[in-house]
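Biologist: Please take a close look at the ligand site. Which residues surround the ligand, and what contacts do they make with it?

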Amino acid sequence: MGPSSRALAEQMVAPIPLTGDPVVVELGPGTGAFTEVIQRRLAGRGTHLAVELNQGWAADLGHRYPGVESVCDSARRVPELLAERGLGKADVVVSGLPWVAHAPVDGVPLVRVLAEVMAPEGAFTQFAYTWTRWAPPARRQHADLRATFEETVVSRTVWRNLPPAVVYLARRPHPA
Ligand SMILES: C[S@@+](CC[C@H](N)C(=O)[O-])C[C@H]1O[C@@H](n2cnc3c(N)ncnc32)[C@H](O)[C@@H]1O
């Protein structure tokens, strides 16, 4: 099950700047609902690194989108993946990950790991189905975002999405 509406995808990619060569990291692209919209917004600029745990989906994405570097790996390895490619800091991270992927490892939540390799003005987006919002993993994730970024906002419900969903937008990571 993936996010379905264009309205949701547009909100997810809105922090990608329309000028320059941003480094965009897409996490858990799955079947690619956001991938195409990111590619359209980049229009050949910058770098689009997609990190997907499922080997088949990662390979399929690479074939469908030659402009995307699709890697089969864990989102936890984003720091190494950026460093190996000499990409520097990520300007925008677009996440389709399930809540479980954000769970702390040795007390460190995934967003803290990502914040270490994000630009000072960097932005992170995550979608969530509305009905999951008040469950403990979602509340923990919201708290982690607020602890990690200067600003965290939750969008209005996108009712056109099936199921209805919201977008978490977090900007400007705090230094470690
Ligand atoms: C809800 S689906 C993604 C929805 C997606 N936008 C789509 O259109 O299909 C979540 C995706 O995250 C991937 N995933 C889960 N844990 C991950 C991790 N730790 N690192 C990278 N990808 C992960 C899953 O394999 C799955 O493809």
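Modeller: In this predicted model, 20 residues lie around the ligand, and those that come nearest are Thr31, Ala33, Glu52, Trp57 and Ala75. By residue type, the shell around the ligand divides into 11 nonpolar, 7 polar and 2 charged residues. Glu52 is one of the nearest residues and counts as charged.

Three of the nearest residues can be described through individual atom pairs. An N or O atom in the side chain of Glu52 lies 2.5 Å from an oxygen atom of the ligand. With Ala33 the partner belongs to the backbone: a polar backbone atom of this residue is 3.1 Å from an oxygen atom of the ligand. Ala75 likewise offers a polar backbone atom, here at 2.9 Å from a nitrogen atom of the ligand. Of the 600 Å² that the ligand exposes when taken alone, the protein buries 84%. As for its location, the ligand occupies the largest pocket.

Turning from the ligand to the charged side chains of the protein, the count of salt bridges comes to 11. One of them joins the side chains of Arg85 and Glu69, with an N to O distance of 2.9 Å. This pair connects distant parts of the chain, 16 residues apart. Glu69 belongs to strand E3 (residues 69-72), whereas Arg85 lies in the loop between helix H4 (78-84) and strand E4 (90-95).

Notes:
Residues are numbered from 1 along each chain as its sequence is written. This is a predicted model: local features need pLDDT of at least 70, side-chain atom pairs count only at pLDDT 80 or more; totals for chains, interfaces and linings use all residues. Side-chain values use heavy atoms; hydrogens and water are left out. A residue is near a molecule or strand if one of its heavy atoms lies within 4 Å of it. A polar contact is a pair of N or O atoms within 3.5 Å; within protein, one must be able to donate a hydrogen and the other to accept it, and residues adjacent in sequence count only if both atoms are side-chain atoms. Accessible areas come from the Shrake-Rupley method with a 1.4 Å probe; for residues, only the protein chains shown count as cover. On a 1 Å grid over the protein atoms alone, a cavity is a set of points where a 1.4 Å probe fits but cannot get out, and a pocket is an open set with protein on both sides within 12 Å along at least five of seven lines; lining residues have an atom within 4 Å of a point. A molecule sits in a cavity or pocket if more than half of its atoms lie within 2 Å of its grid points. A salt bridge is a side-chain nitrogen of Lys or Arg within 4 Å of a carboxyl oxygen of Asp or Glu. Helices (H or I, at least four residues) and strands (E, at least two) are DSSP runs, numbered from the N terminus.
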